Every structure is written in structure tokens, then in C-alpha cells.
Amino acid sequence: MSRLQAEHLYKVFGRRPDEAVTRLESGADRDELRADGTTAAVIDASFTVEPGQIFVVMGLSGSGKSTLLRMLNGLLEPTAGRVLFDGEDVTSLSPRDLRAVRSSRISMVFQHFALFPHRSVLENAGYGLEVQGVPREERTRRAAEALELVGLAGWEDSWPDELSGGMQQRVGLARALATDADLLLMDESFSALDPLIRRDMQDQLLELQKRLKKTIVFITHDLNEAMRLGDAIAVMRDGRIVQLGTAEDILVTPANDYVASFTQDVDRSRVLTAGAIMADKETAYGTTTDGGDEIRGADDVLAAAPATVSEDTPIIELFTPCAGSTTPVAVTDDEGELVGVVPRTRLLAVLGEPMPAPAAPAAEIPAQTGTGAATRTAADGGKAVASA
Ligand SMILES: Nc1ncnc2c1ncn2[C@@H]1O[C@H](COP(=O)(O)OP(=O)(O)OP(=O)(O)O)[C@@H](O)[C@H]1O
Ligand SMILES: [Mg+2]
């Protein structure tokens with residue numbers, strides 16, 4: 001069972017929200033509603049998050065990220081749609097049950113984590129437990145453990161203002177971890193930090209995640225952060241999720257220009273992996289090696305390849321081998337079995353512009369006899385694929 005499931009979520013602020021949902025369902029967009037003084041903050045958002053996943057929501061300011069997050073833990077009631085947490089409909093819980101879920105099973109970490117200035121670091125880290133009514137002794141023990149997890153052992157008795165911004169943010173993270181919640185909701189949690197400290201926090205979160213295997217929904221407007229952290233990434237624009245996929249999907253086949261504009265500053269060579277860009281091994285069969293021998297099967301590929309790499313090798317490591325050879329790099333699985341090849345042309349293609357989405361084969365395009373439009377689409381599609 002998925003840990004978290006959002007089904008056709010809508011949040012409309014302003015007058016006659018239900019009517020607005022009906023209009024949105026039939027294709028109206030944000031701007032049309034805004035004219036009537038109604039804000040469609042989230043429009044028809046659906047996704048699932050599996051246990052242990054980091055699910056990143058990315059988008060420009062105002063795209064609806066925080067509103068979406070606040071519906072996930074019931075802080076905001078959806079105008080339409082449902083949220084299922086471990087199969088249970090959060091949207092239908094009584095206020096009392098909802099409070100219980102929020103205090104013990106879901107934790108939130110904000111951008112500017114408000115620490116209590118007159119409480120020690122330890123007391124701040126244990127605050128969530130205090131709200132739950134956990135007895136002092138256990139609270140102290142669990143808060144101290146959480147502080148150790150985030151690298152703040154030894155700071156228990158300090159005051160918040162004795163800590164740097166990054167350290168304060170760690171206390172916020174410790175507070176969320178101390179409650180033992182399965183689901184962490186993090187809203188721009190690292191965005192206020194200096195770049196180096198921010199990277200450090202990302203590493204630490206990934207490290208913690210390996211051990212704790214929480215389920216995390218992480219909001220950011222930074223694609224590099226999204227790509228480092230996200231097992232899956234949802235890109236939001238004007239209230240809608242415009243693309244849902246892995247970092248590779250978003251880099252290699254952005255759904256539209258908006259998504260592509262985010263990807264321009266990303267260092268593809270470090271994000272993309274051999275597995276993500278490789279071609280079928282069969283494409284190498286029948287070609288010739290640098291030495292002029294014909295490649296007839298997997299063994300020939302492995303023998304002639306300038307390098308053999310695994311699927312998760314970043315493509316930056318493929319440049320040197322590719323530069324010296326026209327024979328493709330071999331990609332193998334854990335058993336050493338050939339699973340694909342990376343020809344030099346492929347490597348160069350993915351580093352340039354994002355590739356067009358694979359076009360549907362001509363046979364799948366509905367026949368529209370007499371219009372000529374279908375034929376043109378098919379022809380363009382064919383060209384796009386050939387040049388990719
Ligand atoms: N309580 C509210 N009442 C009215 N409109 C709201 C409310 N909360 C959010 N909005 C509007 O909904 C839209 C989405 O806001 P939201 O805060 O979810 O965006 P965001 O993606 O989190 O932005 P940011 O990156 O700036 O935090 C915005 O247009 C905002 O003005
Ligand atoms: Mg926000």
C-alpha cells in the first residue's frame with residue numbers, strides 16, 4: 001500500500017469554491033477564475049508516495065506547493081479530492097483524530113523553523129513529544145537521540161541564539177525526527193541556508209534517510225536540490241502538476257518549455273546516468289569496432305567496448321572512454337550481463353538540448369483521412385525521433 005495518496009486534489013480560495021472546481025474540471029485555468037476574485041491554488045493534483053520515498057514538489061513561487069503540502073496533513077481542507085495516508089482518508093477524519101495523526105505520525109519542518117528562544121536546544125528538540133504528552137524522561141532521551149542523529153550531540157544545553165542558522169534548522173529536523181513520525185513534510189526547509197550548508201543538509205538528509213527510511217515530501221524551488229533528493233519529482237505550475245517523474249525524466253524529456261526552463265542550469269553530466277540514456281544493446285549489433293571487426297552479439301560488445309559501466313554511473317564518467325573510441329560503452333547489470341550500450345552520438349545528444357518526447361508511431365495516430373494533418377504530425381514525429 002502506498003504511504004500517501006493524493007486523488008484529484010483541489011484547493012480554491014475565495015467565493016463559491018465548488019463552482020470554481022466545476023469550471024476547472026471543464027478546462028478553465030487560474031487566470032479565468034482570478035478575474036472573479038477566486039484563487040485556484042491547487043488544481044487536480046494526483047500522485048502516490050511509497051514508503052521510504054523522497055517525493056519532491058517543485059515550482060515557482062505561488063505555484064501552489066505549500067497549499068498542496070498543507071492539505072496532505074489536513075491543515076487545510078481540500079475543496080475537492082481526497083488524501084489517503086496509509087489507506088486512511090485524512091479528509092474524512094474527525095478534528096480530534098486528525099490532531100492525533102498530525103501530532104504523532106506526520107511531522108512538518110518549515111523554512112524558518114521557529115525555535116523557542118527561552119528553551120534549551122534539548123527542550124526545543126523535544127517539543128513535539130511534549131505536545132504528544134510523552135513523559136519528561138522519555139522525552140529527554142528521544143530528543144537527545146534525535147539531536148545526535150542530526151549531528152548536534154553536545155549542544156543539548158545551549159540556547160537557540162548560540163546556534164548558527166544551519167544548526168537551528170537541524171534542531172527543527174531533530175524535532176521532527178524525535179516524534180518518530182513516518183511521514184515528514186518539509187517546506188523549503190533548506191532554502192534559507194547558505195549554499196554550502198544547504199548542500200551539507202541535503203547530504204545529511206540522504207544519509208539519515210538510508211537509516212531511518214521515512215517517507216518524505218520535500219518542497220523546493222531549486223531543481224538541483226530536487227534532483228539530489230527526489231526519488232520522484234512533481235513540477236507544479238499555476239496550481240497544476242505539469243510533470244511527474246524522476247530527475248532523468250525531467251531532464252531528458254521535459255513535458256513543456258516551463259519545465260525545460262528549470263533544467264537549463266542543471267549539470268546534466270552529473271545527474272544523468274548511463275542507465276537513463278543507454279540504447280538497446282541490439283543497436284550495436286551489426287556495427288563494426290574501431291579495429292574493423294563486426295559486432296555480432298553481447299560478447300563482442302563487451303570485448304570491444306572502451307569501458308564497461310553500471311547503470312547508475314553518472315555520464316560524466318563516460319566522456320573519456322567515448323572520446324577515444326567509436327565503439328559504444330557497455331552497460332552491465334549486477335551480474336555482469338550486458339543491458340545496453342551508450343554510443344558517442346547518444347552521449348552528445350543528451351548533453352545538448354532536451355530531447356523531444358518520443359513521438360507515437362504513425363500507426364497509433366488516429367487516421368484522419370482527407371485532412372492531411374495526421375500525415376504531417378507523423379512525419380514530424382518521425383523526424384524528431386531520428387534526430388534524437
Ligand atoms: N489562505 C489563502 N487565501 C487566499 N489565497 C491563498 C491562500 N494561501 C495561498 N493562497 C494563494 O494560492 C496560491 C498558491 O500559494 P502557495 O503558498 O501554495 O504557493 P507556493 O508554491 O508555496 O509559493 P512559495 O514558493 O512562494 O512559497 C498563491 O496565489 C497564493 O496567493
Ligand atoms: Mg510555499
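Author: Welcome! Helices (H or I, at least four residues) and strands (E, at least two) are DSSP runs, numbered from the N terminus. The model is predicted, so local features need pLDDT of at least 70 and side-chain atom pairs count only at pLDDT 80 or more, while totals for chains, interfaces and linings use all residues. Residues are numbered from 1 along each chain as its sequence is written, and chains are lettered from A and ligands numbered from 1 in the order in which they are written.

Reader: Thanks! How many helices and strands are there in the protein chain?

Author: The C-alpha trace of the protein chain spans about 75 × 55 × 35 Å along its principal axes. Counted over the protein chain, the elements come to 18 helices and 13 strands.

Reader: What share of the 388 residues counts as buried?

Author: A residue is buried if 20 or more other C-beta atoms lie within 10 Å of its own, exposed if 12 or fewer, and partly exposed in between, with C-beta atoms placed from the backbone. For the 388 residues of the protein chain, the buried share is 36%.

Reader: And what share of the contacts with a separation of 6 or more joins residues 24 or more positions apart?

Author: Two residues are in contact if their C-beta atoms, placed from the backbone, lie within 7 Å. Among contacts in the protein chain with a separation of 6 or more, residues 24 or more positions apart account for 65%.

Reader: How far apart do the C-alpha centres of domain 1 and domain 2 lie?

Author: Domain 1 takes in 4-105 + 181-266, and domain 2 takes in 274-351; these bounds come from an automatic or database domain assignment. The distance between the C-alpha centres of domain 1 and domain 2 is 38 Å.

Reader: Which element gives the largest share of the shell around ligand 1?

Author: The shell holds residues whose C-beta atom, placed from the backbone, lies within 6 Å of the ligand; around ligand 1 they are F13, T39, A41, G59, S61, G62, S63, G64, K65, S66, T67 and H221. Two or more of these residues come from each of β2 (39-49) and α3 (65-72). The largest share, three residues, belongs to α3.

Reader: How many residues of that shell are polar?

Author: Ala, Val, Leu, Ile, Met, Phe, Trp, Tyr, Cys and Pro count as nonpolar, Asp, Glu, Lys and Arg as charged, and the others, Gly among them, as polar. Around ligand 1 there are two nonpolar residues and one charged, and the number of polar ones is nine.

Reader: Which strands stand at the edges of the open sheet of four strands?

Author: Two strands pair if DSSP finds at least two bridges between them. Here the order is β2-β1-β4-β5, with antiparallel pairing. Each edge strand has a single partner, so one side of it is left without a neighbour in the sheet; these are β2 and β5 (88-89).

Reader: In that sheet, what is the bridge partner of Q5 in β4?

Author: Strand β1 (residues 4-13) pairs antiparallel with β2 over seven bridges, and in β2 the bridge partner of Q5 is T48. Five bridges join β1 to β4, also antiparallel. In β4, Q5 is bridged to L84.

Reader: What angle does the direction of α3 make with that of β1?

Author: Helix α3 packs on the sheet and touches β1, β2 and β4 (80-85). Axes are lines fitted to C-alpha atoms, for helices over the stretch in contact, and angles run from 0 to 180 degrees between N-to-C directions. Between α3 and β1 the angle is about 120°.

Reader: In the sheet of three strands, what is the bridge partner of S310 in β12?

Author: This open sheet has the order β11-β12-β13 and mixed pairing, with β11 (308-310) and β13 (338-342) as edge strands. β11 and strand β12 (residues 329-332) pair in the parallel sense over three bridges. For S310, the partner in β12 is T332.

Reader: Why does V350 count as buried?

Author: V350 is found in helix α17 (residues 344-351). V350 is buried because the number of other C-beta atoms within 10 Å is 20.

Reader: Is D231 buried or partly exposed?

Author: D231 sits in the loop between α10 (223-229) and β9 (232-237). Leaving out residues up to four places away in sequence, D231 touches Q53, I54 and F55. Because there are 15 C-beta neighbours inside 10 Å, D231 counts as partly exposed.
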